[in-house]
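Student: I would like a close look at a single part of this protein. Could you take one strand and follow what surrounds it, step by step?

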Amino acid sequence: MYDVLVIGGGPAGLSAALVLGRARRRVLVFDSGQPRNAPSPAAHSVFTRDGTPPLELLRIGREQLRPYESVEIRDAEVIDAVKEADGSFSAVLADGSRVAGRRILLATGMMDKLPEIDGLHELWGTGVLHCPFCHGWEVRDQPLALYARGETILDFAASLRGWSHDLAVCSNGPAGLSVEERQKLDRFGIGLWEEIIVRLEGETNGALERIVFANGSALRRRALFVRLPQRQHSPLAERLGCDLTDRHQVVINAAGRTSVPGVYAAGDLSRPLQQVVLAAADGTVAAITLTHELLKEEFA
């Protein structure tokens with residue numbers, strides 16, 4: 001019986017394991033080996049590690065867990081989780097085996113629903129980007145495009161103007177903007193392209209070169225920033241009965257507790273602001289709360 005089953009070996013899960021290990025808790029971390037930011041060449045805005053490749057950050061995180069003998073890492077995917085009658089949990093692996101734990105910490109992250117546009121998947125993380133705080137500096141003052149529709153367009157455009165004033169909106173169909181909203185884009189010199197996108201063409205270094213439309217026209221851009229719907233990377237939160245927001249994220253309180261007693265969540269799966277350093281912080285908070293909870297239970 002482990003004290004905590006940490007499902008997810010990214011920044012949130014490894015950070016939580018570090019805190020729990022230092023608290024002398026018996027922890028098992030499951031890592032399915034599918035980090036969301038793997039296509040990106042570097043993780044940015046990470047204190048003391050700015051520009052480090054994402055997989056290198058995970059390697060360092062694992063390495064720094066070695067001194068803590070109570071922490072184990074298993075490269076395996078948890079396909080189901082069950083709350084037992086006594087309040088403990090069982091994690092079910094693909095081979096049918098089960099592992100028991102007193103608490104569960106979900107750190108399985110989110111998945112972006114990428115549109116089916118030729119070339120987009122190949123440029124994801126290099127020429128097609130999701131976060132200006134993560135990638136804006138690298139493409140500052142360059143011609144940029146943003147992929148969005150409706151009410152998100154003006155907010156997104158306002159955010160990107162901090163990095164470049166050469167902006168174009170590509171809505172891949174009707175933009176869903178009012179006359180006043182269109183006039184505002186025009187007033188700030190932001191072009192609006194409502195033509196259907198047929199493909200993205202990139203350079204050998206992964207940068208975006210141009211956006212090609214169905215009418216045969218093309219727009220040269222250095223990067224395309226996107227705001228896309230997301231879904232849970234793992235179905236475990238729903239299977240355990242955790243409440244979700246209308247954006248399909250796990251509802252937690254400030255301490256990382258979900259709506260299900262004994263189940264905690266940390267990282268991208270439970271927050272709208274998604275960055276490596278924030279996910280790691282969430283893992284730390286949840287681990288501290290878990291430690292206090294387990295100690296109080298043992299002292300009762």
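Tutor: What follows is a walk around strand β1 and the residues linked to it. The model is a predicted one, and within it β1 covers residues 2-7, with 6 of its 6 residues buried. Two strands run parallel to β1: β6 is joined to it by 5 bridges, and β2 is joined to it by 4 bridges. Ile7 shows both pairings, since it stands opposite Leu106 in β6 and has Phe30 as its bridge partner in β2. The path from β1 to β2 passes through helix α1, residues 11-22, and the three elements together form a right-handed β-α-β unit.

Phe30 deserves a closer look, for beyond its neighbours within four places in sequence it is in contact with Leu5, Val6, Ile7, Gly8 and Gly9, and also with Arg74, Ala76, Val78, Ala91, Leu93 and Val99. In the largest nonpolar core, which has 24 residues, Phe30 is among the members that touch the most others, together with Leu5, Ile104, Leu106, Leu240 and Val263. At least two residues of this core come from each of β1, β2, β4, β5, β6, α7 and β17. A second, separate core of 22 residues includes Val6, along with Val71, Ala107 and Tyr264. Thus Leu5 belongs to the largest core, whereas Val6 belongs to the second. As a general point, side chains in a regular strand alternate between the two faces of the sheet.

Note on methods:
Residues are numbered from 1 along each chain as its sequence is written. This is a predicted model: local features need pLDDT of at least 70, side-chain atom pairs count only at pLDDT 80 or more; totals for chains, interfaces and linings use all residues. Side-chain values use heavy atoms; hydrogens and water are left out. A nonpolar core is a set of buried Ala, Val, Leu, Ile, Met, Phe, Trp, Tyr and Cys residues joined through side-chain atoms within 4.5 Å. Buried means under 20% relative accessible area, exposed over 50%, partly exposed in between (1.4 Å probe, protein chains only). Contact means heavy atoms within 4.5 Å. Two strands pair if DSSP finds at least two bridges between them. A crossover is right-handed if, with the strands pointing away from the viewer, the path from the first strand over the helix to the second runs clockwise.
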